[in-house]
Every structure is written in C-alpha cells, then in structure tokens.
Amino acid sequence: MLLLITAVAGTSNRPRTFRQKEAEHEEEEPEEVSGDESGEESEEETSKKKGTQGVIEIENPNLVKPKTLKARDVDVGKTTELSRREREEIEKQRAHERYMRLQEQGKTEQAKKDLERLALIRQQREDAAKKREEEKAAKEQKKAEARK
C-alpha cells in the first residue's frame with residue numbers, strides 16, 4: 001500500500017543511484033574533449049541566435065546600435081551638428097530675445113505705439129490733476145468769501 005501511494009504522488013520508479021550515475025556520466029564527457037575543441041564549442045553555445053537569426057546571417061542596416069562613449073573618449077572641441085528642429089528652435093529663441101531687447105529700447109513699432117499711448121495717458125492724467133487742483137482752489141475761495 002505504501003508503494004501505491006508513492007506512485008500516485010508522482011515519484012519516479014528509478015532508483016536514486018541511477019540519477020547519480022547519469023549526473024556523473026554527464027560531468028565526465030566535457031573532460032574527455034580536448035582543450036581546443038571545448039573552447040570552440042563554448043563559443044558556439046554563447047553565440048547561438050534565436051529564431052532565424054542563426055540561419056540567416058544578414059546585418060540589418062536599419063538597426064540602430066547604441067553609441068556609448070566613455071568620459072575620457074569624448075572630444076570636447078568637437079561640435080555636434082544639430083537637427084533641423086533643434087536649429088529652428090534655437091533661432092526662434094534668439095529672434096525672441098533680440099526682439100525683446102529692441103522692445104526695451106523702444107525701437108520696435110509696437111514699442112513706439114506703446115510709448116505714444118503712455119505719453120497720451122500721462123498728459124491726460126496731468127490735465128485731470130490740474131483741473132482738480134483748480135476746482136479745489138475755487139471751492140476753497142468760495143468758502144473763504146462765504147465766511148467773510
């Protein structure tokens with residue numbers, strides 16, 4: 001009955017010594033091969049390719065290989081070429097900075113219009129302030145005459 005339970009549990013009927021002999025036999029095979037042949041086999045095993053890569057040995061021209069540079073290999077003096085978008089973005093930023101400088105100096109059309117509007121507003125405020133002062137002085141004069 002004990003034997004029946006072990007068979008149901010899924011254990012193998014092979015004796016443990018058989019597994020040990022198989023393991024010893026597998027370990028002995030690599031030792032029998034000479035040093036030159038074992039080196040070649042290990043290289044082939046590591047360079048095995050998946051799928052059809054092992055059958056067809058074509059280099060993909062579209063495959064982008066990562067370009068890693070070490071800090072000591074970087075050439076500081078070498079300038080990298082920018083893409084079109086990067087160049088346009090830099091030109092756009094420079095144009096905006098140039099425009100803002102001219103704007104501050106009052107040399108652009110928009111700045112001239114703004115300065116004209118500002119001068120007009122200042123003039124209107126000055127006129128309004130003078131008018132208030134005159135009205136205030138007139139009221140005080142009327143109060144002073146009424147008291148006498």
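Buried here means under 20% relative accessible area, exposed means over 50%, and partly exposed is anything in between (1.4 Å probe, protein chains only). This is a predicted model, so to speak of local features takes a pLDDT of at least 70 and side-chain atom pairs count only at pLDDT 80 or more, while totals for chains, interfaces and linings use all residues. Residues are numbered from 1 along each chain as its sequence is written, and side-chain values use heavy atoms, with hydrogens and water left out.

The fold is simple to write down: 5 helices and 0 strands, in the order α-α-α-α-α along the sequence. Helices (H or I, at least four residues) and strands (E, at least two) are DSSP runs, numbered from the N terminus. Of the chain's 148 residues, just 2% count as buried. About 15,600 Å² is exposed, with carbon and sulfur atoms supplying 51% of that; the areas come from the Shrake-Rupley method with a 1.4 Å probe, and for residues only the protein chains shown count as cover.

Helix α5 (residues 109–147) is where E134 sits, and K143 lies in helix α5 too. E134 is exposed because its relative accessible area is 57%; K143, at 54%, is exposed as well. Each belongs to a charged patch, a group of residues with over 30% relative accessible area and no salt bridge, like charges being joined within 9 Å. A salt bridge would be a Lys or Arg side-chain nitrogen within 4 Å of an Asp or Glu carboxyl oxygen. E133, E134, E135 and E140 make up a negative patch, whereas K139, K142, K143 and R147 form a positive one.

Methods. Patch = residues over 30% accessible without salt bridge, like charges linked within 9 Å, V, L, I, M, F, W, Y side chains within 5 Å. Lys, Arg positive; Asp, Glu negative; His and termini not counted. Charge placed at Lys NZ, Arg CZ, Asp CG, Glu CD.
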